[in-house]
Amino acid sequence: MDLSAKASLHPSSTDIWPWKEGEEVAIAKLQRRVKGAVPDCVLQDLPTLRRFLIARQYDEDAAAALLKKATKWREEYHPDRIKKADIAEELKQGKIFLHGVDNQKRPCLVLMPGRHQPHRDKDRLATSLRALIYWIEKAIRSMPDGVYQYVIIVDRTGFSLRNIDWNLMKEFAALQDLYPERLAGCYIIRANFLVRRLWEALKTFAEPHTIAKFRILGDDFQHALLGSFPRDQLLPAHGGTSRYVYAPDELRDSHDSPVTPRRAALTDDDTPHREINTALVRDLESSVRSWDPHLTESLKHILLSDKDADEPPLPTLPQDGPCAAPLPSPRTRPADLPAESPRSRIQTAYSY
């Protein structure tokens, strides 16, 4: 991909972060450093490349190392395949859930740390972390076109010292390397004197752009939240009018969720014919052969013969989302796919 000219970068689709002078050169260097180590779709995903560069202050070597690390983690951990059954007990407790969007249409995760019992759940750190990743993946999955970040509301209702889980907090901090610059803002509400003192101490170790993402609010938080969220996107307990009721039994697994317009385009009659990037399919087939035989076999059904050449043109995927590269002409049809279509996996497997 030639990035010698900034005009070729389509900045209008990724301008949520101001462009820096020479950033197009940094992107080109990052692409060269990770070529062959990450899928081609990631090499052409400008918002992702920019997020990794921003997270490492435009140090191409550091950004490349981070991108390789995140790619390896996704291929080994498979965060996009976590199912409700894997975290059923966590979901029942309602410690975290996805609700509403802010004024910039960014999805919001609501955390209720007062419902976490680390002394009782001390053997379930891995499951608690898995549940957190599940919800981050759902937040990313729900982002509309042009949105690349999420926000968090941490509601300290019922919170006390017995709810503090330092191990889980450390794991959450480590996740920021695997989802760089995905977090746009965090509102900690009902913060008492001790929380404010702790935050003042932690600020001395954090980067300025990280500090700017956090707002520590006391019991008079509603005005601040209403300045950042539409009223109907907030729960009544947060000053809003939403009638949402958390119901874990009604949740759908991430890979069963509807695909956002950015990641799929259907014909007017909703026939799910899509153009698929042949290079991407071959790259994925090679990279997943060792860890997912079913998906490998399924990918072979995506590429069709030339007998469909006389079919009318099909809508193409947009060019600004994960794995949304310029696409050639191979087509897919439902009859050629197994019962469990791999297409949603292809579109989310590398949504860092």
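Here are a few friendly notes on the helices and salt bridges of this predicted model.

1. Let me start with helix 6, residues 125-141. Its 17 residues should span 24 Å at 1.5 Å a residue, and the end C-alpha atoms are indeed 24 Å apart, so expectation and model agree. Helix 6 is also mostly covered, with 13 of its 17 residues buried.

2. On to charged pairs: the model holds 12 salt bridges. One of them joins Asp61 to Arg33, with 2.5 Å between the closest N and O atoms. This pair ties together distant parts of the chain, since Asp61 belongs to helix 4 (residues 60-77) and Arg33 to helix 1 (residues 23-34), 28 residues apart. Arg33 has 34% relative accessibility and therefore counts as partly exposed.

3. Helix 4 also carries a salt bridge between Lys72 and Glu76, at 2.5 Å from N to O. The two residues sit four apart in that helix, about one turn. Residues three or four places apart point the same way because an α-helix has 3.6 residues a turn. Lys72 is partly exposed at 47% relative accessible area, while Glu76, at 53%, is exposed.

4. Helix 8 (residues 193-203) has a pair of its own: Glu200 and Lys203 lie there three residues apart, about one turn. Their side chains form a salt bridge at 3.7 Å, N to O. Both count as partly exposed, Glu200 at 47% relative accessibility and Lys203 at 27%. Elsewhere, Arg56, Lys69 and Asp177 are joined into one network by salt bridges that share partners.

Definitions and conventions:
Residues are numbered from 1 along each chain as its sequence is written. This is a predicted model: local features need pLDDT of at least 70, side-chain atom pairs count only at pLDDT 80 or more; totals for chains, interfaces and linings use all residues. Side-chain values use heavy atoms; hydrogens and water are left out. The expected span of a helix is 1.5 Å times one less than its number of residues. Buried means under 20% relative accessible area, exposed over 50%, partly exposed in between (1.4 Å probe, protein chains only). A salt bridge is a side-chain nitrogen of Lys or Arg within 4 Å of a carboxyl oxygen of Asp or Glu.
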